[in-house]
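Student: I have a model open on my screen and would like to talk through how its features earn their names. Could we take it step by step?

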Amino acid sequence: MALTETVPAAPAHEGILRRQSLRESAARTYARSLPIVPVRARGLTIEGADGRRYLDCLSGAGTLALGHNHPVVLEAIRTVLDSGAPLHVLDLATPVKDAFTTELFATLPRELAEKARIQFCGPAGTDAVEAAFKLVRTATGRDGLMAFSGAYHGMTAEALAASGGAQHTSVVRLPYPYDYRCPFGTGGESGAELAARWTQSLLDDHKSGVPHPAGMILEPVQGEGGVIPAPDSWLRRMREITAARQIPLIVDEVQTGVGRTGAFWAVDHSGIVPDVIVLSKAIGGSLPLAVIVYREELDSWQPGAHAGTFRGNQLAMAAGAATLAYVRANGLDRRAGELGARMLTRLDSLAAAHDCIGEVRGRGLMLGVELVDRDAAADATGARPADPGLAAAVRDACLDRGLIVELGGRHSAVVRLLPPLTITDEQADAILDRLADALTAAVRTTPGPTGSSPTTMRGTTP
Ligand code: PMP
């Protein structure tokens, strides 16, 4: 008897996953926690090769402002393909690039856009971060950089050095206002103000050991760091402190941009105007694209100072321009703010019902649920130790229920929601229903880090 008749063939997706684990690098990430094989996708929904459907709240790590395969994005891509335009043009001028730049500048804070320059970088956010550092170093003639605890700016050498996980770096680290785990023990506005004062004193004390830096880089909402929105007042303080000392302020809006936080750019909430803004992810409408836009006075670097072969992705520029225009025309930034606030209210009631939720927080459709050790005592500020084991169990239980979420935060204990800005109210409810159900199941089956019994319910889930 032939082997095929006695041993049923494994489904194709299992073979694909098995070959992936045999052939791909140990450094792979999402593929480990999300063992699915996407074959089709539309909007919020991904369909796997096994026929299962998932609500995708990872959205390409916050890239898909309009969800998967939005018709305006597909149309923009098709138009370029059908036009016979070259797809690869290095950094030459094209009508597609011209239109993208015009659309992008129309959305940026006017004070920046009126006197701005744009540099098209290699296609990843990290490359644009590197470009920003080079730009400000050249413009100021200084070398040092200031960055924040918990930051994430990318995986290339300098971007990594400015991130919270850096091991060897000369980047000066400043406290980020993390309300729930306030380094000053006060939280709230006063914690943020103390963080600002520490920054100011490092700069003004000539014996602080911190040379005058070439620039400061910050995220208006830390994403990978655990969905931590900075108070607007703190952002304004950072702007005042840097402006008064001629330190270029670099705002990394790679993840917060294009409506995600409830304003077109997260800086719009506070009204600050950065000297350099770093953009990637959603600006390419699901295809790779990264740029920096900066005040023209900084434009003193030389031709070739930041080159790269793949700076002219025409399909990404067309998809990106279509995405920016669609978000703008349909007020999806406002919609993200309103829907995000409603989702946060529901997450608050989830937190009231589960003592394993330390905090829920976020801005717009960038939401996080920090899971903590339900048995540990809270410190003076009310924070308890993170529970990464429970967070991983919640993520897995979500996947079982057809919901894709990822984890972030210092200890990978923050469940993150980054749905497309196009989701309906019903889809938002479906996401939260599945999350609530997954959380209940995970606390039932997962012992606390100290090996204790399942969590106590404080009420009903929303
Ligand atoms: N900055 C921020 C704020 C990010 O969230 C990321 C990616 N998560 C990056 C930079 C790096 O972007 P990329 O992965 O495209 O290099």
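**Strands, partners and a ligand**

Tutor: Happily! Strand 2 and strand 3 (residues 53-56) run antiparallel and are joined by 3 bridges. Keep in mind that this is a predicted model.

Student: What makes strand 2 and strand 3 a pair?

Tutor: Two strands pair if there are at least two bridges between them. Strand 2 and strand 3 have 3 bridges, so they meet that cut-off. One position to look at is Glu-47, whose bridge partner in strand 3 is Arg-53.

Student: Which residue takes a positive phi in the hairpin of strand 2 and strand 3?

Tutor: That is Gly-51, with a phi near 90°. The hairpin has 4 residues between its strands.

Student: How do you know that strand 3 and strand 15 pair as well?

Tutor: They are joined by 2 bridges, and because the cut-off is at least two, that is enough. Strand 3 and strand 15 run parallel, and Asp-56 has Ile-404 as its bridge partner in strand 15. On the other pairing, strand 1 and strand 2 (residues 45-48) run antiparallel with 4 bridges; there, Ala-41 is partnered by Ile-46 of strand 2.

Student: Why is the pairing in this sheet called mixed?

Tutor: Set the directions side by side: strand 1 and strand 2 run antiparallel, whereas strand 3 and strand 15 run parallel. The sheet is open, with 4 strands in the order 1-2-3-15.

Student: What makes strand 1 and strand 15 edge strands?

Tutor: Strand 1 (38-42) and strand 15 (403-404) each have a single partner strand, so one side of each has no neighbour in the sheet.

Student: Now the ligand. How do you know that Asp-252 makes a polar contact with it?

Tutor: A polar side-chain atom of Asp-252 is 2.6 Å from a nitrogen atom of the ligand. The cut-off for N or O pairs is within 3.5 Å, so this counts. Glu-224 offers a side-chain N or O atom at 3.2 Å from a ligand nitrogen, and a backbone N or O atom of Gly-125 is 2.9 Å from a ligand oxygen. The ligand taken alone exposes 390 Å², and the protein buries 84% of that.

Student: What kinds of residue make up the shell around the ligand?

Tutor: The shell divides into 3 nonpolar, 5 polar and 4 charged residues. Residues around the ligand include Ala-124, Thr-126, His-153 and Lys-281. The space taken by the ligand is the largest pocket.

Terms used:
Residues numbered from 1 in each chain as written. Predicted model: local features only at pLDDT ≥ 70, side-chain atom pairs only at ≥ 80, totals over all residues. Heavy atoms only, no water. Near = heavy atom within 4 Å. Polar contact = N/O pair within 3.5 Å; in protein donor to acceptor, adjacent residues only side chain to side chain. Areas by Shrake-Rupley, 256 points an atom, 1.4 Å probe, with all protein chains shown as cover. 1 Å grid on protein atoms, 1.4 Å probe; cavity = no way out; pocket = protein on both sides within 12 Å on 5 of 7 lines; lining within 4 Å. Sits in = over half its atoms within 2 Å of the grid points. Nonpolar A, V, L, I, M, F, W, Y, C, P; charged D, E, K, R; others polar.
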